[in-house]
Amino acid sequence: MRVSAKADYAVRAAVELAAAGEGEPVKGERLATSQDIPLQFLEHILLELKHQGLVRARRGAKGGYWLARPAAEVTVADVVRAVEGPIANVRGQRPELVEYGGPAAPLQQVWVAVRANLRAVLEVVTLADLAAGRLPDEVAAIAADPDAWLPH
């Protein structure tokens, strides 16, 4: 899986909002500076998160951005889907809709399994987990495996 800059920035900004506390407005400039994200790109991302109902915004001196739901109810998958669409697709289609013939036929099951495994991680890690600096046990166990750190 390739994690785009947009998805990475969206999750990092959302974690900053989670760390700020419920309903506490955070200025876009502060988010951009604290996570080293280009401000214009970040504002685009925040607008998408707002349209998807994950973030709220208020203008003015006391304005800024905050999470629309408690951080414990927002997963990394929610944020990624808000800015990128489905977690895993093949040539723009859901894996279960892709068909292959001949010896490549089992490849559909591979793509479905890849999606399921991405979900097994991204749908259990919440913004509250990340803001608190902890991971669910099952995700921490995967990350603790030395083979997970190998680049190939």
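1. Start with the nonpolar patch on the surface: Val110, Trp111 and Val114 build it, and it covers about 230 Å². Bear in mind that this is a predicted model. Val110 belongs to helix H5, which runs over residues 107–122. Is Val110 buried, exposed or partly exposed? Its relative accessible area is 40%, so Val110 falls in the partly exposed class, the range between 20% and 50%.

2. Now the overall layout. The protein chain has 7 helices and 2 strands, and along the sequence they come in the order α-α-α-β-β-α-α-α-α. So if you are stepping through the model from the N terminus, expect three helices, then the two strands, then four more helices. The C-alpha trace spans about 65 × 30 × 25 Å along its principal axes. Of the 152 residues in the protein chain, 35% are buried.

3. One helix pair deserves a look. Helix H1 (residues 5–20) packs with helix H4 (residues 76–84), the axes lying 9 Å apart at an angle of about 130°. That angle makes H1 oblique to H4, because the roughly antiparallel label is kept for angles over 145 degrees. As for handedness, H1 passes H4 in a right-handed crossing.

4. On to the charged side chains. How many salt bridges are there? The count is 8. One of them pairs Glu123 with Arg81, at 2.5 Å from N to O. Arg81 sits in helix H4, while Glu123 is in the loop between H5 and helix H6 (127–131), so this pair ties together parts that are 42 residues apart in sequence. H4 turns up here again, having already appeared as the helix that packs with H1.

5. Glu123 has a second partner. Glu123 also forms a salt bridge with Arg119, where the closest N and O atoms are 3.9 Å apart. That pair counts because the cut-off is 4 Å. Taken together, Arg81, Arg119 and Glu123 are linked in a network of salt bridges. How accessible are these residues? Glu123 has a relative accessible area of 35% and is partly exposed. Arg119 is partly exposed too, at 34%, and Arg81 gets that label at 30% relative accessibility.

6. Another salt bridge is worth checking in the viewer: Arg134 and Asp129 meet through their side chains at 3.7 Å, N to O. Which side of this pair is buried? It is Asp129, at 11% relative accessibility, a value under the 20% limit. Arg134, by contrast, is partly exposed, with a relative accessible area of 46%.

7. Last, some backbone angles to inspect. Asp36 is not a glycine, yet its phi is positive, at about 55°. Where is Asp36? The residue lies in the loop between helix H2 (28–35) and helix H3 (39–51). With 67% relative accessibility, Asp36 counts as exposed.

8. Arg91 is a further case of the kind. Its phi is near 55°, again a positive value in a residue other than glycine. Arg91 is placed in the loop between H4 and H5, and its relative accessible area of 65% makes it exposed.

Methods
Residues numbered from 1 in each chain as written. Predicted model: local features only at pLDDT ≥ 70, side-chain atom pairs only at ≥ 80, totals over all residues. Heavy atoms only, no water. Patch = residues over 30% accessible without salt bridge, like charges linked within 9 Å, V, L, I, M, F, W, Y side chains within 5 Å. Areas by Shrake-Rupley, 256 points an atom, 1.4 Å probe, with all protein chains shown as cover. Buried < 20%, exposed > 50% of the residue type's maximum accessible area, 1.4 Å probe, protein only. Axes fitted to C-alpha atoms, helices over the stretch in contact; angles between N-to-C directions. Parallel < 35°, antiparallel > 145°, perpendicular 65-115°, else oblique. Left-handed = near helix turned anticlockwise from the far one by under 90°.
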